[in-house]
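Trainee: I have a structure open and do not know where to begin. Can you walk me through reading it?

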Amino acid sequence: MTQVVFTPHTGLTQLPPLSLYVHFPWCVRKCPYCDFNSHEARAGFDDLAYVAALLRDLELALPAVWGRAVHTVFIGGGTPSLMSPAAMEMLLDGIRARVRLAPAAEITMEANPGTFEAEKFKAFRAAGVNRLSVGIQSFDDEALRRLGRIHDSRQAHVALDIALHHFDNVNLDLMYALPQQTLALALDDLSQGLAHGVTHLSAYHLTIEPNTLFSRYEPAGLPDEDRAADMQEALEARLAEAGFMHYETSAFARPERQCQHNLNYWRFGDYLGIGAGAHAKISSAEGIVREMRHKQPTAYLQALAAGDAVQTRQRVARSALPFEFMMNLLRLTEGFELALFAERTGLSLAAIQRELAQAESRGLIERSPTHVRPTLHGQRFLNDLLTLFLKDD
Amino acid sequence: MKHIRNFSIIAHIDHGKSTLADRFIQYCGGLDAREMSAQVLDSMDIEKERGITIKAQTAALQYRARDGEVYHLNLIDTPGHVDFSYEVSRSLSACEGALLVVDASQGVEAQTVANCYTAIELGVEVVPVLNKIDLPSAEPERVSQEIEDIIGIEAVDAVRASAKSGIGIEDILETVVSKIPAPVGDPDAPLKALIIDSWFDNYVGVVMLVRVVDGTLRPKDKIKFMATGAEHLCEQVGVFTPKSVQRDSLSAGQVGFIIAGIKELKSAKVGDTITLVSKPAVAALPGFKEVKPQVFAGLYPVESHDYDSLRDALEKLQLNDASLQFEPEVSQALGFGFRCGFLGLLHLEIVQERLEREFDMDLITTAPTVVYQVLMKDGELIEVENPSRLPDLSKIDEIREPIITSTILVPQDYVGAVMTLCNQKRGVQRNMQYMGRQVMLTYEMPMNEVVMDFFDKLKSTSRGYASLDYEFKEFQTADLVKLDILVNSEKVDALSLIVHRATSVYRGRELAAKMRELIPRQMFDIAIQAAIGSHIIARETVKALRKNVLAKCYGGDITRKKKLLEKQKAGKKRMKQVGNVEIPQAAFLAILQVGDK
């Protein structure tokens, strides 16, 4: 008697585009609202040694993505602009030597005012960085002080001048609904940012995240939800006037200037993540795996020295895929082509028909035979839309 | 028989009854230290937490008195709350004496007075004890005087004790022996045994706690319940020490248990008389009464698929609580659930808490209501225990509501405030008596006002000093109307109330305003209206939320953001979807919070 064993296959017929995320974990000072994996560099840091570790980390990760081109690179943090130009050059040269970078790949680096020196940024550009993301947050000195930023508005302006002198693709991060902020102040921040001629702008509603200083001691004078919503709508209108497309919940870009790296996240693409606490998502014929590396820089370096920087590695359950897909794709104003769902998850569309119908009946999405996109209502109530796809288990 | 003493303890909640009972058991060696977990007689968790005894229990104690003789003391524990006054009266009628335990700093409370009066009416010898005598705030002279003023018994030489520190325990036991008479009864007469309490045991079925008044009962005797007429074979008899110990017989004067292979609690009703089939008693013992629920509320599972588990849980509770009634009910707003009948508000709360705690049920409870008698124009008289079932007003001739006589004992300083409250609740004063520093007020009051929020209001207006006892008096015709609540133009049947016309507009406005506070903002505006018939008397709006979205989500965030949304979803699941509006559990009890600041 022959026993037939069916191994469940994912149904993935092709692999999505691949990006590379590089984490630089140090900052001059930890901001009270920040819940990213960042650490004050009290004892300093050895950037060349860290880059050597990153490259080692990349080499160990290569077998999982053998032969695949890398379409974008994003160096985030922390504050990567604290790195020396030499370290940056070593990093990007090292990446190019180990993976096939797509032609004209977008290479973004995050930078914070207070770390800007003209010569250094010229060198970053020369090393291969072609996009900057500048964490300004506000141009109001009082607001910056309350946010615990290390820079003032003058330094913010200087940073943007230097950034735009050397780079033609620059993102500016702003936050609104800040403590004591008025609608006029929020709009004033935006005007000052736009005046610099940036090509991309991220406007984040200040969120009090758990395990931050702000969650323990909530700052006084946070605008209530109605005032915050007023700010959001006014900022969106002003950005539209200025010719920016609102392409994702908090992201705005001039035509052709969307952040390709982030778009790959939101289109449920793959990414390698190297560096302390970096996350990765890798598809293969066997399914989708998520990885996280050790968060503490010292733990990361030790684990790497021992041969594996990965702290957790998990297969994503098939039942979780519809939600994870939607959580990303529905952030995009343009939504997605239905065919992409099967392509990225390996599941049939039947898995989400009921939820889509529910979402449509509640006015949260619009559908055509080939396409789904969130309505304006769906964009504003994205959490309610997404919970439709959450499975009870 | 002259060495038997049957007695119970009358005390207000927290005045130390259970601790005292434990001291007696300890003193007489009923349990060793290992078995002596705190407050043995209160066995349910809720009882331990709230310090209330719900089921009567008993302990047979051996006490060697100062005269050198050994006495058999039967301590019968009594429930300590107004909802269970019938059970208290049955426990007391099984005794020859009762210890009146009064907190030496707090003094006499209404509950205690009512139970004392019951005891005195039943001819039970009441022996005063001042407890918590070692507290710095104790005022034994004043409290003794108060006992004499209010209850009218001699209290100058009341035993002074502290159950907690073990002071005066032996003195109390000596007083029990010397002041409380031994039982009288004829062991050879036809059997008469009073059922003091009954409960269900998973192994042996129904266990009955009885007091044998006359005659003798042995295993293998065929017994008969005089109220129901049912006959059973007695399998076991015995006593609680408080451990259960089998005996060869129970005879006149003794207190103990009977097991007779009975499967259903309703066959062994508290207050019924047991006799022998072979030699029946001529008449039953007096005082038997069918207990009827006075307060009703709808209990619904938050998740409709938990309906069956809720029914199972209610059935299990009913095994040990014959006074709990329930029947299936369908609400348009809440789906399938049960209309449950309770002896009173505390009983309701206890059942609700046990369902949530012991059975892990997620419940929505509707506002408690009383039974209304509705006289239809065609002459039919119907009982309405769910406001949404009130027939159309055009077909109604009159509505009658239950009226209670309530006795309130309150320190003089708060009399004015309490009288104002009683007037607001449509109370009519029947009596007012100054008794030492306290005043006893007697009011006739519609019971529906009392179940609404009277207890809490009474406590807050008197800073917790006022105490209340009540009993049903009669049904009276009243000008009552049904108040409906509409959420986004849909009538929510589970929120309907029957109220007096005079207060209906105020109630409607307050209720709509309270609902607005309790219903969280959602994706759209929510209109809340209060209506009497087709007449809208109040409107409130819960403004729509502007957005609900996570500002940031990048590659690394997915697990954390997912958890956040899972939390949001779980929060929503605890709410009930009515139409497309999510209503939190608390909103269904909003009426109880009306008028709170």
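Mentor: Start with the inventory of chain A, which has 15 helices and 17 strands. Keep in mind that this is a predicted model.

Trainee: How do I judge the overall form of chain A? What radius of gyration would a compact globule with 393 residues have?

Mentor: Compare the chain with a rule for globules. A compact globule of 393 residues would come out near 21 Å, and chain A has 22 Å, so the two agree. Then look at the box. The C-alpha atoms of chain A fill roughly 80 × 50 × 40 Å along the principal axes.

Trainee: What share of the 393 residues in chain A is buried?

Mentor: Buried residues come to 56%. Contacts add to that picture. Take the contacts in chain A with a separation of 6 or more: 71% of them link residues 24 or more positions apart.

Trainee: Next, the nonpolar cores. Which residues touch the most other members of the largest one?

Mentor: Look for the hubs. The largest nonpolar core has 67 residues, and A:M88, A:L91, A:I95, A:L132 and A:L201 touch the most other members. Helix α1 of chain A, residues 47–61, gives the largest share of this core, with seven residues. Another core lies apart from it, with 59 residues, including A:M326, A:L330, A:L338 and A:L356.

Trainee: Pick one hub. What does A:L132 touch beyond four places away in sequence?

Mentor: Its partners are A:T108, A:M109, A:F116, A:F121, A:A163, A:F167, A:N169, A:V170 and A:N171. Find A:L132 on screen and trace them one by one.

Trainee: Now chain B. Is B:A98 buried or exposed?

Mentor: Check the relative accessibility against the cut-off. Buried means under 20%. B:A98 has 0%, so B:A98 counts as buried. B:A98 sits in strand β4 of chain B, residues 97–103. Leaving out residues up to four places away, B:A98 touches B:S8, B:I10, B:L92, B:V124, B:E125, B:V126, B:V127 and B:I180.

Trainee: How far apart in space are B:A98 and B:Q568?

Mentor: They are 56 Å apart, C-alpha to C-alpha, and 470 residues apart in sequence.

Trainee: On to empty space. How much of it lies in the second largest pocket, and which residues are closest to the pocket's centre?

Mentor: Read a pocket by volume, then by lining. The second largest pocket holds about 1200 Å³. Its lining has 46 residues, with B:S85, B:K289, B:Q294, B:E471 and B:F472 closest to the centre. The elements that give two or more residues include α3 (85–93), α4 (110–121) and β26 (467–478) of chain B. The largest share, seven residues, comes from α4(B). By class, the lining divides into 21 nonpolar, twelve polar and 13 charged residues.

Trainee: And closed spaces? How many cavities of 30 Å³ or more are there?

Mentor: There are six. The largest cavity has a volume of about 190 Å³. It is lined by 23 residues, and B:R339, B:A367, B:N386, B:P387 and B:S496 lie nearest its centre. β18, α10 (447–461) and β29 (497–500) of chain B each give two or more residues to this lining. The lining of the largest cavity has twelve nonpolar, seven polar and four charged residues.

Trainee: Which residues line the second largest cavity?

Mentor: The residues are A:Q232, A:E236, A:H246, A:T249, A:L376, A:Q379, A:R380 and B:V549. The second largest cavity holds about 70 Å³. α14(A) gives the most to its lining, with three residues. The classes are two nonpolar, four polar and two charged residues.

Trainee: Last, the backbone. Which residues does a cis peptide bond join?

Mentor: Read omega for that. The cis bond joins A:G77 and A:G78, with omega at about 25 degrees. A:G78 lies in the loop between β4 (70–77) and α2 (85–98) of chain A.

Trainee: What about phi? Where is A:Q180 placed?

Mentor: Look for positive phi outside glycine. A:Q180 has about 65 degrees. A:Q180 is in the loop between β7 (170–176) and α6 (183–194) of chain A. A:F268 also has a positive phi, near 60 degrees. A:F268 is in the loop between α9 (260–266) and β11 (270–274) of chain A.

Trainee: How do A:Q180 and A:F268 read for exposure?

Mentor: A:Q180 is partly exposed, with a relative accessible area of 44%. A:F268 is buried, at 1%.

Methods
Residues numbered from 1 in each chain as written. Chains lettered and ligands numbered in written order. Predicted model: local features only at pLDDT ≥ 70, side-chain atom pairs only at ≥ 80, totals over all residues. Heavy atoms only, no water. Core = buried A, V, L, I, M, F, W, Y, C linked by side-chain atoms within 4.5 Å. Buried < 20%, exposed > 50% of the residue type's maximum accessible area, 1.4 Å probe, protein only. Helix = DSSP H or I, 4+ residues; strand = E, 2+ residues; numbered from the N terminus. Contact = heavy atoms within 4.5 Å. 1 Å grid on protein atoms, 1.4 Å probe; cavity = no way out; pocket = protein on both sides within 12 Å on 5 of 7 lines; lining within 4 Å. Points joined across faces, edges and corners; volume = space filled by probe spheres on them. Nonpolar A, V, L, I, M, F, W, Y, C, P; charged D, E, K, R; others polar. Rg over C-alpha atoms; globule rule 2.2 N^0.38 Å.
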